[in-house]
Amino acid sequence: MTQIHRGLAGVVVDTTGISTVVTETNSLTYRGYPVQDLAASRSFEEVAHLLWYGELPTTTQLRELEARERALRPLDRAAAEIVARLPATCHPMDVLRTVISYLGTQDLTEDDGSLAANRAKSLALLARLPTVVAADQRRRRRLDPIPPDPSLGLAENFFHMCFGAVPAPEVVRCFEISLILYAEHSFNASTFTARVVTSTLSDLYSAVTAAVGALKGPLHGGANEAVMHTLNEIGEPERVGAWLDRALAEKRKIMGFGHRVYKHGDSRVPIMSQALGRLVAVSDDPRAVRLAELHAALEKAVFDRKGIHPNLDYPAGLAYHLMGFDIPLFTPIFVMSRITGWTAHIAEQLQANVLIRPLGTYTGPAQRDLPVAGRADSSP
Ligand SMILES: CC(=O)SCCNC(=O)CCNC(=O)[C@H](O)C(C)(C)COP(=O)(O)OP(=O)(O)OC[C@H]1O[C@@H](n2cnc3c(N)ncnc32)[C@H](O)[C@@H]1OP(=O)(O)O
Ligand SMILES: O=C([O-])CC(=O)C(=O)O
């Protein structure tokens with residue numbers, strides 16, 4: 001009897017040299033480096049280089065990558081118009097997906113699937129996606145877009161393009177840590193989607209567009225938005241117990257909790273939670289402390305009631321709210337980071353490609369004779 005692995009749970013589908021969760025230390029490594037060490041001392045741009053090239057950049061390589069990223073940030077007029085004209089009723093992930101698809105049609109660089117060509121496309125997306133996301137937030141607030149500032153690093157420039165100002169260094173660093181932590185996580189659903197598309201020898205933009213669609217769902221990246229909706233729904237720390245009783249009785253999934261791979265806690269959560277704590281301490285949001293209390297109370301209550309730990313989306317969701325971003329921007333920010341991991345996997349897939357095509361056990365009707373066409377009683 002064929003064993004069925006629903007959801008591919010526990011199935012090893014390929015090798016990868018990009019990242020792994022070291023279960024003995026509950027540590028996530030990118031190209032061998034623990035992510036907590038990267039989050040403590042490195043920039044997001046350095047991490048992008050590490051994921052793409054396999055090594056941290058030298059000073060010269062970093063300067064070169066930064067210079068190219070800064071130069072590639074502006075959108076062409078048509079891309080800017082697409083952002084401005086798509087209905088405000090659509091989710092910013094739909095805007096991002098649509099603009100990425102458009103950018104693919106405008107990319108006239110070599111499309112031979114070579115490593116060099118894909119690296120150039122990956123860098124262009126890393127540079128332009130923040131410009132799209134920031135312009136989308138501003139138009140929803142009825143504000144004109146702010147052009148990128150090439151004197152600023154990627155994280156600072158994103159704040160500049162969203163708000164016209166760069167916040168305190170603690171806030172920028174918290175944001176950058178979130179980008180480093182979100183950058184890569186092995187064969188998660190969106191990365192696997194990108195690899196499936198790539199395995200047919202389709203192009204990088206098609207793979208990334210599909211990955212955006214996979215990340216949007218609330219069981220994956222969309223959970224960071226859902227976390228903030230949950231906190232708003234509960235409202236006050238004192239209401240956590242009653243809210244959780246009802247949610248569990250209704251068999252609701254508590255967003256930002258649980259994980260397919262980590263069963264004893266997501267290795268990235270302690271780092272992000274510490275960064276969130278520093279953010280709360282400097283936040284000028286009058287509700288910051290109460291929200292942090294509510295956040296901690298829900299985490300404790302879910303663990304006490306269900307033994308389930310939070311995943312990275314749990315601290316990241318509240319952090320993005322306290323940084324001033326609108327909730328529908330949270331998952332697009334995840335994309336701004338994960339574009340590095342997706343594109344590293346696309347390159348890896350192409351280097352030793354095999355078509356990804358699993359099997360399913362058929363449970364439909366047994367083979368049967370077709371009814372005679374045209375007979376009145378031929379329909380079942
Ligand atoms: C960056 C990321 O993408 S991280 C993931 C973000 N997603 C979320 O936060 C959404 C909420 N979490 C979930 O839905 C799940 O934990 C997933 C989808 C992440 C992982 O799901 P799976 O590995 O398939 O685990 P599964 O859903 O089978 O959960 C196992 C058990 O724990 C329960 N459980 C898992 N997560 C939760 C949760 N968040 N709330 C309540 N119960 C949960 C399930 O109901 C199930 O219980 P049962 O055995 O009594 O039926
Ligand atoms: O690995 C997963 O299934 C989901 C996740 O945490 C991620 O993509 O960062």
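**His259, Asp313 and the two ligands**

Leaving out residues within four places in sequence, His259 is in contact with Asp266 and Asn311. Keep in mind that this is a predicted model.

Me: What makes Asp266 and Asn311 contacts of His259?
Reply: Two residues are in contact if their C-beta atoms lie within 7 Å. Asp266 and Asn311 both count as contacts of His259 on that basis.

Me: Why is His259 called buried?
Reply: The cut-off is 20 or more other C-beta atoms within 10 Å. His259 has 20 such neighbours, so it counts as buried. As for its place, His259 sits in the loop between helix H12 (240-249) and helix H13 (269-282).

Me: And why does Asp313 count as buried?
Reply: Same kind of check: buried takes 20 or more. Asp313 has 30 C-beta neighbours inside 10 Å, so it counts as buried. Asp313 belongs to helix H15 (residues 313-322), and it touches Ala223, Asn224, Val227 and Gly256, setting aside residues up to four places away in sequence.

Me: Where does UniProt place the feature "active site"?
Reply: The unreviewed UniProt entry puts it at His259 and Asp313. They span 55 residues in sequence, yet their C-alpha atoms are no more than 10.6 Å apart, so they gather at one spot.

Me: What makes a residue part of the shell around ligand 2?
Reply: Its C-beta atom has to lie within 6 Å of the ligand. His185, Asn188, Arg260, Val261, Asn311 and Leu312 surround ligand 2. That shell divides into 2 nonpolar, 3 polar and 1 charged.

Me: Which residues come nearest to ligand 1?
Reply: Of the 18 around it, Ala223, Ile254, Phe257, Gly258 and Arg260 do.

Definitions and conventions:
Residues numbered from 1 in each chain as written. Chains lettered and ligands numbered in written order. Predicted model: local features only at pLDDT ≥ 70, side-chain atom pairs only at ≥ 80, totals over all residues. Nonpolar A, V, L, I, M, F, W, Y, C, P; charged D, E, K, R; others polar. UniProt positions renumbered as here; feature names shortened; annotations may be inferred. Helix = DSSP H or I, 4+ residues; strand = E, 2+ residues; numbered from the N terminus. Buried ≥ 20, exposed ≤ 12 C-beta atoms within 10 Å, placed from the backbone.
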